[in-house]
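Below are some notes on the model, set out point by point. They cover helix packing, buried charge, ion pairs, backbone geometry and one surface patch.

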Amino acid sequence: MTAQMKFAIQSPIDGSVVGEVADNGPEEARRAIDRAAAAFVSWKQTTAYERSAILRRWLALLVEREQELARLMALEMGKPLAEAVGELRYSASFVEWYAEEAKRVYGETLPSQFRHKRLLVTRQPAGIVYGITAWNFPHATVTRKVAPALAAGCTFILKPAEQTPLSALRLAALWEEAGGPEGTFQVLPALDPVPVSEVLLDDPRVRVLAFTGSTAVGMRLYERCGRTMKRLALELGGHAPFLVFHDADLDAAVREVVACKFRNGGQTCVCTNRIYVHEAIADRFVERLIPAVTSLRVGDPLEAGTEIGPLVNARGLAKVQAHIADALEKGAEVLAGGRPIQGLYFEPTVLAGVRPSMRVMQEETFGPVAPVLRFRDEAEAVALADGTTYGLAAYLWTRDLGRAIRVAEALEYGIVGINDGVPSTAQAPLGGVKNSGIGREGGKWGIEEFLDIKYISMALPPTA
């Protein structure tokens with residue numbers, strides 16, 4: 001028997017090797033399914049209180065090891081330490097929420113038109129879950145899926161992004177340390193995800209796919225899962241607009257736009273990609289936006305005070321440069337930044353004179369680039385915002401309550417932030433419409449993705 005192959009994880013900070021992990025393939029995937037299936041037999045029979053207790057011990061370990069985990073995240077994918085700590089607290093909040101939600105999986109009784117019948121509805125764990133997660137939130141995209149699945153009584157096999165398997169493996173190790181039974185949560189790193197995924201997607205014992213990633217890949221997975229009729233929870237790409245109306249508090253609006261756009265260096269699915277500002281205030285807004293952006297500190301994510309770390313890899317850097325070059329060629333103007341610094345670092349950038357034909361308006365840039373555009377009135381703002389195939393997150397800034405409600409209702413997005421550039425929280429649903437996915441993570445909705453509904457009709461024996 002030959003030794004299993006491994007692959008190295010290189011830090012985007014300086015290219016150094018952070019660690020090595022096993023490169024899993026089809027055979028490892030088949031063995032993982034067998035283990036998950038065996039574990040499911042007993043795990044689904046545990047009580048909600050037993051599962052909740054293990055989740056709480058897992059939560060305690062996540063809190064206790066916060067600094068260690070944050071440093072590993074920064075090394076692995078370049079997120080500044082302070083932001084990494086913020087993500088860890090956000091990811092831990094899902095474990096906390098679902099430790100309680102496990103005890104809120106209720107059944108129902110239905111009235112019957114027949115005196116001798118009793119109609120019952122129960123919710124039961126769906127089975128083995130296959131999860132595929134993204135590199136940009138190596139903890140949060142995991143716990144948003146794993147915590148509700150385990151709380152529901154499912155077992156979970158995770159294929160983490162090839163850039164960030166170390167964080168996922170550490171999460172699984174802490175689950176086992178908390179008392180999680182063997183086989184309930186397994187991690188299968190793979191440099192090439194296709195062979196592993198094909199085995200898991202084609203096995204009928206795997207009943208649910210939970211995926212965070214690009215729309216193109218999500219569509220292919222959606223089609224593949226039809227062969228075995230899996231349940232799906234797909235959190236896909238976004239192209240979030242941020243509408244700034246003429247009554248905005250400019251300083252507050254700039255603050256929220258910067259927080260939304262430049263979190264994780266713009267490498268998030270929910271960060272704003274298009275900033276639309278009412279023409280009456282556009283010049284004043286840009287005057288405030290430029291110093292706010294240029295003052296962001298770019299540097300080593302392990303150093304205190306760093307706000308923008310490196311892009312995750314050379315491909316990400318090349319995409320940012322290509323989007324800016326395309327915009328400039330088609331008439332856009334760089335108002336701030338616009339240049340690579342060194343390695344995988346790139347200046348936070350503001351673009352003006354942006355047009356719909358530019359790539360930055362059609363694709364997720366996934367980098368620190370903020371295009372600013374103008375609109376005339378509310379109707380045009382909504383039309384521009386909704387003029388995309390994506391529908392994950394959208395934002396607006398206004399002090400007019402009527403406008404806030406009208407626009408929020410008109411926006412074709414799963415998440416809307418009103419005067420709030422960072423609205424995500426564990427108890428609320430996260431997910432999109434249109435090409436941004438199906439299903440929801442978070443809140444009471446998140447656990448429903450992993451529960452099957454069973455209807456039981458019971459006829460009572462006749463009375464004497």
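1. The model is predicted. I start with helix α7, whose buried residues pack against five elements: α1 (26–43), β5 (128–132), β6 (155–159), β8 (206–212) and α8 (215–225). The helix itself spans residues 193–202, and its buried residues are V196, S197, V199, L200 and L201. At its start, a side-chain oxygen of D192 comes to within 3.1 Å of the backbone nitrogen of V194.

2. Helix α8 is one of the elements that the buried residues of α7 pack against. The buried residues of α8 are T215, G218, L221, R224 and C225, so R224 and C225 count among those under 20% relative accessible area. The cover over the buried residues of α8 includes β5, α7, β8 and β9 (231–235). Strands β5 and β8 also appear among the elements against which the buried residues of α7 pack.

3. The loop between α8 and β9 contains K230. Which side chain of opposite charge is nearest to K230? That side chain is D203, 6.5 Å away, and K230 is buried without a salt bridge. The separation of 6.5 Å is too long for a salt bridge because the cut-off is 4 Å between a side-chain nitrogen and a carboxyl oxygen. A polar atom of the K230 side chain does lie 3.0 Å from the backbone oxygen of L201. Leaving out residues up to four places away in sequence, K230 touches L200, L201, D203, P204, V206, R207 and C225. Of these, L200 and L201 are buried residues of α7, and C225 is a buried residue of α8.

4. M229 lies in the loop between α8 and β9, as does K230. The phi of M229 is positive, about 50°, although M229 is not a glycine. M229 is exposed, because its relative accessible area is 64%. N264 is another residue that is not a glycine yet has a positive phi, here about 55°. It sits in the loop between α9 (250–262) and β11 (272–278). Is N264 buried or exposed? With a relative accessible area of 3%, N264 is buried. A reviewer may wish to look at both residues in the display.

5. A second lysine to inspect is K159, in strand β6. K159 has a relative accessible area of 3% and is therefore buried. Its contacts, apart from residues up to four places away in sequence, are Y130, G131, I132, T133, L188, A190, P193 and V196. One of these, V196, is a buried residue of α7.

6. The structure holds 33 salt bridges. One of them joins E28 and R31, with the closest N and O atoms 3.8 Å apart. Both residues lie in helix α1, three residues apart, about one turn of the helix. Residues three or four places apart in an α-helix point the same way because there are 3.6 residues a turn. E28 is buried, at 17% relative accessible area, whereas R31 is partly exposed, at 34%.

7. R56 and E100 form another salt bridge, with 2.4 Å between the closest N and O atoms. This pair links distant parts of the chain, 44 residues apart: R56 is in helix α2 (residues 48–64) and E100 is in helix α4 (residues 81–101). R56 is partly exposed, with a relative accessible area of 37%, and E100 is partly exposed at 25%.

8. A salt bridge also joins the side chains of R123 and E108, at 3.3 Å from N to O. Here the linked parts of the chain are strands, with R123 in β4 (residues 117–125) and E108 in β3 (residues 108–110), 15 residues apart. R123 counts as partly exposed at 30% relative accessibility, and E108 is partly exposed at 40%.

9. Some charged residues form a network: salt bridges link D247, E378, D400, R403 and R406.

10. On the surface, I456, M458 and L460 make a nonpolar patch of about 220 Å². I456 belongs to strand β18 (residues 451–459). Why does I456 count as partly exposed? The reason is its relative accessibility of 33%, since partly exposed covers the range between the 20% and 50% cut-offs.

Definitions and conventions: Residues numbered from 1 in each chain as written. Predicted model: local features only at pLDDT ≥ 70, side-chain atom pairs only at ≥ 80, totals over all residues. Heavy atoms only, no water. Buried < 20%, exposed > 50% of the residue type's maximum accessible area, 1.4 Å probe, protein only. Helix = DSSP H or I, 4+ residues; strand = E, 2+ residues; numbered from the N terminus. Contact = heavy atoms within 4.5 Å. Polar contact = N/O pair within 3.5 Å; in protein donor to acceptor, adjacent residues only side chain to side chain. Patch = residues over 30% accessible without salt bridge, like charges linked within 9 Å, V, L, I, M, F, W, Y side chains within 5 Å. Areas by Shrake-Rupley, 256 points an atom, 1.4 Å probe, with all protein chains shown as cover. Lys, Arg positive; Asp, Glu negative; His and termini not counted.
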